[in-house]
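Here is a short tour of a structure for your next coffee break. Have a look at the model first, and then we can go through it topic by topic.

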Amino acid sequence: MNKVIIGVESTAHTFSFGLVTLCGIPRKSHSALYRPEEGGIHPREAADHHSELSSQLIDKLMKTEKIDRSQIEAIAYSQGPGLGPCLRIGANVSRALAEHWQVPLIGVNHCVAHIEIGRNQTGCKDPVLLYVSGGNTQVIARAGDRYQVLGETLDIGIGNMLDKFARTQGLAFPGGPKIEKLAKEWHELNPAADVEEIPLPYSVQGMDLNFSGLLNAALQRINEGHELGAVCWSLQEHAFSACIEVAERALAHTGKRELLLGGGVACNERIREMTQVMCGQRGSIGVWPEKQYCIDNGTMIAELGRRMLESNSITKYNDSLVNPSLRTDHTLVEWD
Ligand code: ATP
Ligand code: FE2
């Protein structure tokens, strides 16, 4: 009988349960997405949503995967970074399950989990991670026993910027996929378009990025009468080029040869294409996991839990509090 690690993800909109076997074979997560009726995420409402769905989701996972509790080796959960009320639901559910199943509890770093599921899925060994999600935009690489942040957004996450722009145009959360579709359709009709025709600021500061100026300028272009599709296209071109430029700098700086994409925005075909072009030009390789493992998911939390269990990193009950501002480089990396 296969032993498994269960993973619980609850940093923001997504509440998700997933699992991996002890030898690292992942299974599809069971997830629920909190969609605010209007405006941005309301942390307390998202937490209520998560708490209402927890028993349903874990039951679904156990039934679909035909898991018996005797197979469960440990339970891992996102300890941070994320929204406090959402994180606390995941941590409480995980503590209760660990107690009920009498298995170890493993608090994991959500950002590091994106790297480990990417490595698991793509086979890359020592990548630079371009982590592009709603709340986070970071370029990360391993240095000794830590994953270091080489560059990051100084204001909002790239996905957050896309979602906010979409919302002003009446497009419901998540806005990123809708912007992608509008941009693609418009570009197919206007293949010779030049980004200079819909000018937007391009802001890279060393290895850091910011997106609020881009968002404001995109709204201005709409007010000036530019077509929505055209602005979506230019917005993607500018935002993604900035990320790719920083990722390229990180590859050059570290001498690493693999670029891994992770986070919800990594589902976007255009950022994948830009990754491939840039990596091709410098003799590096660009890789990304399937979409279900780019967006937040419980399986990635289980995978990092598995790596931590291998190195005996178990979280004591007293140390199991969540940390909304947990940093990527806080976590000691004791596995290969
Ligand atoms: P984190 O806690 O890591 O910040 P998150 O809560 O933002 O994650 P994710 O599932 O990683 O959750 O990412 C969701 C984001 O990804 C949303 O901003 C969404 O608009 C964006 N996104 C999803 N698919 C696409 C796409 N095809 N193109 C662009 N953006 C996308
Ligand atoms: Fe994430």
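Let's start with the cysteines: the count of disulfides comes to 0. Please keep in mind that this is a predicted model. From the cysteines we move on to the iron ion (ligand 2), then to ligand 1, and finally to Asn109, a residue in strand S5.

**Cysteines**

- Cys111 takes part in no disulfide, and the nearest cysteine sulfur, which belongs to Cys294, is 15 Å away.
- Cys111 is also buried, because its relative accessible area is 1%, under the 20% limit.
- Why does Cys232 have no bond to the closest cysteine sulfur? That sulfur sits in Cys243, 17 Å from the sulfur of Cys232, and this is too far for a bond, since a disulfide needs the two sulfur atoms within 2.5 Å.
- Cys232 has a relative accessible area of 0%, so this residue counts as buried.

**The iron site**

- Which residues coordinate the iron ion (ligand 2)? They are His110 and His114, each through NE2, and Asp296 through OD, at 2.1 to 2.2 Å.
- Along the chain, the donors follow the spacing H-x3-H-x181-D.
- His110 and Asp296 link distant parts of the chain, as they are 186 residues apart. His110 belongs to helix H3 (residues 110–122), while Asp296 lies in the loop between helix H9 (291–294) and helix H10 (298–310).
- The 4 donor atoms around the iron ion subtend angles of 96 to 136°. Four donors count as tetrahedral only if all angles lie between 85 and 135 degrees, so the upper value of 136° makes this arrangement irregular.
- For comparison, the ideal angle for four tetrahedral donors is 109.5 degrees.
- Are the iron-binding residues His110 and Asp296 buried or exposed? His110 is buried, at 2% relative accessibility, and Asp296 is buried too, with a relative accessible area of 18%.

**Ligand 1**

- How many residues surround ligand 1? There are 24, and the closest are Tyr131, Ser133, Gly134, Asp163 and Glu180.
- Asp163 has a side-chain N or O atom 2.7 Å from an oxygen atom of ligand 1.
- Gly135 contributes through its backbone, with a polar atom 2.9 Å from an oxygen atom of the ligand.
- Asp296, one of the residues that coordinate the iron ion, also has a side-chain N or O atom 2.9 Å from an oxygen atom of ligand 1.

**Asn109 and its surroundings**

- Asn109 is part of strand S5, which covers residues 105–109, and is buried because its relative accessibility is 1%.
- Beyond its neighbours within four places in sequence, Asn109 is in contact with several residues, including Gly80, Pro81, Leu326 and Thr328.
- The side chain of Asn109 has a polar atom 2.9 Å from the backbone oxygen of Arg327.
- A polar contact of 3.1 Å joins the side chains of Asn109 and Thr331.
- Leu304 is another contact of Asn109; the two are 195 residues apart in sequence, yet their C-alpha atoms are 8.3 Å apart in space.

Methods: Residues are numbered from 1 along each chain as its sequence is written. Chains are lettered from A and ligands numbered from 1 in the order in which they are written. This is a predicted model: local features need pLDDT of at least 70, side-chain atom pairs count only at pLDDT 80 or more; totals for chains, interfaces and linings use all residues. Side-chain values use heavy atoms; hydrogens and water are left out. Donors are N, O and S atoms within 2.8 Å of the metal (3.2 Å for Na, K and Ca); water is not among the atoms, so sites may look incomplete. Four donors count as tetrahedral if all angles lie between 85 and 135 degrees; four count as square planar and six as octahedral if opposite donors are over 155 degrees apart and all others between 65 and 115; anything else is irregular. Helices (H or I, at least four residues) and strands (E, at least two) are DSSP runs, numbered from the N terminus. Buried means under 20% relative accessible area, exposed over 50%, partly exposed in between (1.4 Å probe, protein chains only). A polar contact is a pair of N or O atoms within 3.5 Å; within protein, one must be able to donate a hydrogen and the other to accept it, and residues adjacent in sequence count only if both atoms are side-chain atoms. Contact means heavy atoms within 4.5 Å. A residue is near a molecule or strand if one of its heavy atoms lies within 4 Å of it.
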